Amino acid sequence: MSDRYRDLTLSPVGRRVTKTLGLPRPAVLRRYTPGEPLLPGPALLASSGGALGEVLARTLDAAGVELHAADDGTREFAALVFDATGVESVADLAELHATLSPALRHLGPSGRLLVLSRPAGTATSAAVGAARQALDGLVRSLAKELRAGGTANLVTVEEGAEQALESTLRFFLSGRSAFVSGQVVAVTTADRDRAAAPEDWDRPLTGRVAVVTGAAQGIGAAIASCLSRDGAHVVCADLPAQGERLAGVANQVGGTALQVDITSDRAAQRISEHAVGRHGRLDIVVHNAGITRDRLFANMDDATWRSVLAVNLDAQLRINAGLLDEHILGADSRIIAASSTSGIAGNRGQANYAASKAGIIGMVRTSAPDLAGVGGTINAVAPGFIETEMTAAMPFAVREVARRINSLKQGGLPVDVAETICWLSQAASGGLNGQVVRVCGQNLVGA
Amino acid sequence: MASTVRRAAILGGNRIPFARTNGPYARASNQDMLTATLDGLVARFGLQGERVGEVAAGAVLKHSRDYNLTREAVLGSALSPWTPAYDVQQACGTGLETAILVANKIALRQLESGVAAGVDSASDAPIAVGEDLRQVLLELNRARSPKARLAALARLRPSALRPEIPRNGEPRTGLSMGEHAASTAVQWQISREAQDELTMASHRHLAAAYDSGFFDELVTPYLGLSRDQNLRPDSSMESLARLKPVFGTRLGDGTQATMTAGNSTPLSDGASAVLLASADWAAQHNLPVQAYLVDAETAAVDYVHGEEGLLMAPAYAVPRLLARNGLALQDFDFYEIHEAFASTVLATLAAWEDPEFCKQRLGLDGPLGAIDRDRLNVNGSSLAAGHPFAATGGRIVATLARLLKEKGSGRGLISICAAGGQGVVAILEAA
């Protein structure tokens, strides 16, 4: 649905009023369109003696980004990329501050601040660990300070995982990550062959076969559309009763419709038969289908509890197990499950939903080694407030508050969730496993 | 020209749930329903933008503006606009006849793929002006002078304004199909109880098939309906017995009237489509073959002079088909006999069991014999699903193909009676 408040702030009068009163002024976010340059302007590539300088320069240069090593104050940057892999002490942090603090003033609208570091967990001394962990707090704070649709994110790169970095670098700099901010993502050592770059970064999923559950509407339909745009063949799955809309989505994205109840015993078999039988393979499984049955826990009956857990969690567990047992998922396979910020922070009246979505996070973390065993990955996305039919039905005041309590002062769009899933779906994203990425504009709740 | 004939494969189907007349589809036109059904088929099989060899479809109740109904539906669908299409009409046999036409062209290598479909709306039915008014209007159109126009209009009488609504009746006898069937039921002494039993089985079988997910890959919901509206899963002998007879009430002393609204199909709205292809085309598209359409036969009977019952033509078509294929009536794993009326199915089965009928009417040495009733309409048929005339054939072909696919072997017989004393029958074999 349209964000009338934001539209108002863009008008001359609305602009003056909101500025005077200090009201939130949500920006129009830069979003991705195929074929456009990675960044709308130059990028500052700075470092404090980091190890990624060469990789970053080569990668960004190849992606057509105009790179500058220093900020002379004459130009506006579309992105600030800081290689902090050399940050090992409090003194190093001061050096970082000296570089980034003035540069932040020259970051343009929907600007990107991307800091890369080594994981704190692998530090060999307390000082190093402290310095690395300090970056976490720094980046999350800057995400809250940035204006005009800017985002800040931290990527930790394990030693030896440099080659698996490119898809993540591109994601965070591009408009694909419009609503992802204040996040920490870990790129770990992936088999190098498994993180091979696609021939065309605008069609990174060419030749891949994906299934999306709950594809008949809302976020699921956006995921199907995004996967298809990126080159995948999409099997659109939803309940038989959703068939009419499902057929519409399938025809729109040039995919196929699969009417299946994911809670049925035969769900995994139906999915694999359809995908493998028709398309010879199954590479990407997006568990998007989910339901809410809100009720205070004390008043919640057994059926209400069970139905949410059955659809949102148990079905995913069983389908994953079925697909792995039958060896349907192989090298470069990807499972992406929909969690929620409710699953991270909890939500009043949503004990069943939050339990199921927290369960997803547990599932993803625990299953990561199993997927790694076949050369695949499993990750989760946790959407915050997304503009859908479901949120449009919320009471006005509740919706307005929910919309504004994030660093970008607006709700995300279904496509923002879809873009994040598409990034995790890429073969080149093999360095990301067992992670939870929030698509919430750095929501105050659960961020 | 290629000389060898090959088998035409059935790859699957799609239909919208059938609705009772003036129900949820009351405002949907034949073109709307056919387009939605084609779109559901395209979505199921990933045929977006595909140039299918041809689409053959039809409707029994058809507006004059729908002279190119099927082609218009194709143009409105997700199929390639370069897909040719034509309309077919053979009353209730239309749906099966389109499948036979497409299959024959595939068999003769004139086509690699094709869609056979059918649609009917008893709600959005064409209403024609009366013959008197039509003549006046035509005369008015021909008139060149104001005087001539006045003269034409002067012939207009108030009675001419009464519209002509299509009716479910035979033009040559003036009798409704139900009245014809009622005569046949009396002739073959089909009991009320037997008819109600068949009806109950139809409802229970269809409900069980829905519950088992059988229709997940055959039906796409439409306008809020996800199952056939006429389906009553809790249908019982008691509830059926309470219904009053509606046909045959004027036959004899009236006590022989057995046909009710329960054991007769209701007027319905709906559409169905079947995807057929050569085995090569199926393989190229990674689409598993569900069954093959082996052979088909049509027959007609002289019901006008009272020689035979209106809906008895399949009784003649089947033995001809069996003889040509060297098969006995018992050589089938599934029998799909269209339930226009429960009595029609039972009269047909009775005729095949009757030595005299088989000898005198069919010219056989002995009776065709009884069938295993457990193999009859195992997932329900028209009494439960409803019967949008031209859509029934596609429903049955897709259902039987899937039954054969699930069984993995075997053979099925389709028998559909049609208005005008006609019958269309076919044999399907598992892939």
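**Exercise 1.** In this predicted model, determine whether L223(B) counts as buried, partly exposed or exposed, and say where in chain B it is placed.

*Solution.* Begin with the count of neighbours: L223(B) has 18 C-beta neighbours inside 10 Å. A buried residue would need 20 or more and an exposed one 12 or fewer, so L223(B) counts as partly exposed. Turning to its place in the chain, L223(B) lies in the loop between α7 (192–211) and α8 (237–241) of chain B. Once neighbours within four places in sequence are left aside, its contacts are P24(B), Y25(B) and A28(B). Finally, 29 Å separates the C-alpha atom of L223(B) from that of S236(B), which is 13 residues away along the chain.

**Exercise 2.** Work out the strand order of the seven-stranded open sheet in chain A, and which strands stand at its edges.

*Solution.* The strands, paired in parallel, follow the order β9-β8-β7-β10-β11-β12-β13. β9 and β13 (436–439) of chain A each have a single partner strand and therefore stand at the edges, with one side of each left without a neighbour in the sheet. From one strand to the next, the twist averages 20°. Within the sheet, β7 (residues 209–213) and β8 (residues 233–238) of chain A are joined by five bridges, and V211(A) is found opposite V235(A) in β8(A).

**Exercise 3.** Describe the side of chain A that touches chain B by its elements and its residue classes.

*Solution.* The contact involves 18 residues of chain A and 19 residues of chain B. On the chain A side, α8 (243–253), β9 (256–259) and α9 (267–279) each give two or more residues, with α8(A) giving the most, five residues. By class, this side comprises six nonpolar, 10 polar and two charged residues.

Terms used: Residues numbered from 1 in each chain as written. Chains lettered and ligands numbered in written order. Predicted model: local features only at pLDDT ≥ 70, side-chain atom pairs only at ≥ 80, totals over all residues. Contact = placed C-beta atoms within 7 Å. Helix = DSSP H or I, 4+ residues; strand = E, 2+ residues; numbered from the N terminus. Nonpolar A, V, L, I, M, F, W, Y, C, P; charged D, E, K, R; others polar. Pairing = 2+ DSSP bridges. Axes fitted to C-alpha atoms, helices over the stretch in contact; angles between N-to-C directions.
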